[in-house]
Amino acid sequence: TGMIVTRAETEHSIGSDITGQLFTQPLVLMVLAGMLVLFSLIPGLPMLPILALAVLFGTLGFLQMRAQSQAAEEVPEDVTQALAEEKRKPENVMALLQVDPIELEFGYGLLPLVDASQGGDLLDRVVMIRRQCAVDLGIVVPVIRLRDNIQLGTNRYVIKIKGVEVSGGEVIADHVMALNAGNATGELKGIETIEPAFGLPAVWISEADRERAEAMGYSTIDPPSVIATHLTEIIKRYGHELLGRQQVQALLDNLKSTQAALVDEVVPKMFTLGEVQKVLGNLLKEGISIRDMVTILETLSDYGRLTHDPEMLTEYVRQNLKRSITRQFAADKKLRVVSLDAGLEQLILDNVRQSDHGSYVALEPEHIRKMFASLKHAIEHMTDMGRVPVVLTSPMVRRHFKHVTEQMAPDLTVLSFNELEPGVEITSDGVVAV
């Protein structure tokens with residue numbers, strides 16, 4: 001449909017607009033009143049009617065000016081009142097309760113490592129870390145939040161798990177870290193530091209000295225790789241805390257597309273989601289991958305009618321994962337270990353106690369002191385030879401010994417004979433005894 005506008009209507013609209021603008025401007029009315037007063041002084045013009053109009057326009061202008069002044073005074077009061085009412089409203093604090101599973105905060109000096117426009121590739125490395133953890137650990141790492149923090153030092157970064165700082169370090173954006181892997185010759189001049197992921201001594205050198213350091217046998221690492229390696233190790237160490245019920249449900253849903261019968265038999269008919277989570281968490285806590293979910297669930301199905309103790313179920317699962325455990329710790333079918341004295345194993349078994357929360361070992365303080373001293377000596381001996389310490393025990397003792405030594409050596413690998421494939425050549429480099 002169209003609209004026809006006549007010339008008369010257009011002229012009427014324009015006239016109304018001009019009249020409205022004219023008589024709503026107090027300054028215009030006051031000027032007009034003053035001009036009329038001047039016109040009344042011209043000889044020959046009627047003075048009284050012109051003065052009457054001047055008084056009329058002057059009064060209108062004065063009233064308009066006062067009305068606008070009052071309105072201007074009322075506006076701040078209305079704004080202030082509105083702000084006060086807004087403050088009195090219940091505050092929405094739900095957004096403040098959100099805690100990110102993993103955070104990486106860094107000082108402003110490390111912004112070039114994150115900013116892609118400046119050549120930084122840390123964001124791409126974080127994506128690769130999540131993919132690598134899915135392959136190595138079998139978990140989907142939550143989104144890693146990266147944010148700058150002006151309260152940190154220029155070159156410092158911190159890693160937080162569930163809002164709490166668990167580790168950190170310092171890197172120099174325009175330098176490279178040089179590590180002596182054991183075959184380097186000569187000394188490098190630079191800024192001495194400690195490699196944050198493994199605590200190894202290192203030196204920060206300039207990019208110009210990188211080729212010379214590599215020629216001397218040093219391993220050089222750029223700053224993004226230092227942070228990425230540290231972040232990867234933290235995820236492996238705290239992977240059991242990052243695996244919540246929602247993540248376990250996602251793993252089961254993914255497996256259900258190909259193993260629906262197995263998943264339906266185990267969850268929720270035999271185990272709750274929380275019980276499965278505890279078993280998976282126990283495996284991740286000791287660095288065992290949970291990628292083979294089929295074997296894990298089949299083991300839970302086989303032993304679910306015998307026990308619901310997460311610790312015992314974890315031991316059964318570990319024994320059925322012997323192929324992957326052997327590949328992880330003895331890829332060449334050779335393994336050098338620290339073994340336990342038969343007397344110590346029997347002492348541990350004799351002091352196992354049961355409680356409502358599971359079993360625990362109640363050793364005498366003197367026995368614990370002697371065991372720790374012997375274990376420390378054996379670990380230092382293997383470390384001095386450049387080997388990763390591994391303790392080998394009988395199946396019944398493994399989890400109890402691990403729990404007892406967890407405070408002293410949380411990263412110590414403890415395996416049982418049943419977790420290794422037949423044919424592995426085992427060499428003992430020490431014995432722990434009391």
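The exercises below, each with a worked solution, concern a predicted model of a protein chain.

**Exercise 1. Describe the chain as a whole.**

Solution. Start with secondary structure: the chain has 17 helices and 14 strands. Next, consider burial: of the 434 residues, 38% are buried. Then take the surface, which comes to about 25600 Å² of accessible area, with 56% of it belonging to carbon and sulfur atoms. Last, look at contacts with a separation of 6 or more: 71% of them are accounted for by residues 24 or more positions apart.

**Exercise 2. Decide whether each partner in the salt bridge between glutamate 315 and arginine 398 is buried or exposed, and find where each one lies.**

Solution. Step one is the pairing itself: the side chains of glutamate 315 and arginine 398 meet at 2.8 Å, N to O. Step two is location: glutamate 315 belongs to helix H13 (residues 310-320) and arginine 398 to helix H17 (residues 395-405), so the pair links distant parts of the chain, 83 residues apart. Step three is burial, for which the cut-off is under 20% relative accessible area. Glutamate 315 has 6% and therefore counts as buried. Arginine 398 has 1% and therefore counts as buried.

**Exercise 3. Compare the burial of arginine 387 and aspartate 429, which form a salt bridge.**

Solution. The closest N and O atoms of this pair are 3.7 Å apart. Arginine 387 sits in the loop between helix H16 (365-384) and strand S12 (390-393), while aspartate 429 is in strand S14 (residues 425-432), so the salt bridge ties together parts 42 residues apart in sequence. With 28% relative accessibility, arginine 387 is partly exposed. Aspartate 429, at 14%, is buried. Salt bridges with shared partners also join Glu286, Glu315, Arg318, Arg398 and Glu419 into one network.

**Exercise 4. Locate the salt bridge between lysine 160 and glutamate 105.**

Solution. In the whole structure, a search finds 22 salt bridges. One of them joins lysine 160 to glutamate 105, with 3.3 Å between the closest N and O atoms. Lysine 160 is in strand S3 and glutamate 105 in strand S1 (residues 102-106), and the pair links parts of the chain 55 residues apart. Both residues are buried.

**Exercise 5. Identify the residues of two surface patches and place one member of each.**

Solution. Take the charged patch: Glu265, Asp292, Glu298 and Asp302 gather on the surface as a patch of negative charge. Aspartate 292 is in the loop between helix H11 (273-285) and helix H12 (293-303), and it is partly exposed at 36% relative accessible area. Now take the nonpolar patch, formed by Leu27, Val31, Met35, Phe39, Ile42 and Leu45, which together have about 540 Å² of accessible area. Phenylalanine 39 lies in helix H2 (residues 26-40) and is partly exposed, at 38%.

**Exercise 6. Find backbone features in three loops.**

Solution. The peptide bond from valine 267 to proline 268 is cis, with omega near 5°. Proline 268 lies in the loop between helix H10 (260-266) and H11. Lysine 162 is not a glycine, yet has a positive phi of about 55°. Its loop runs between strand S3 (156-161) and strand S4 (164-170), and lysine 162 is partly exposed, at 46% relative accessible area. Lysine 333 also has a positive phi, near 65°. Lysine 333 is found in the loop between helix H14 (322-329) and strand S9 (334-340), and is partly exposed, at 34%.

Note on methods:
Residues numbered from 1 in each chain as written. Predicted model: local features only at pLDDT ≥ 70, side-chain atom pairs only at ≥ 80, totals over all residues. Heavy atoms only, no water. Patch = residues over 30% accessible without salt bridge, like charges linked within 9 Å, V, L, I, M, F, W, Y side chains within 5 Å. Areas by Shrake-Rupley, 256 points an atom, 1.4 Å probe, with all protein chains shown as cover. Salt bridge = Lys/Arg side-chain N within 4 Å of Asp/Glu carboxyl O. Lys, Arg positive; Asp, Glu negative; His and termini not counted. Charge placed at Lys NZ, Arg CZ, Asp CG, Glu CD. Helix = DSSP H or I, 4+ residues; strand = E, 2+ residues; numbered from the N terminus. Buried < 20%, exposed > 50% of the residue type's maximum accessible area, 1.4 Å probe, protein only. Contact = heavy atoms within 4.5 Å.
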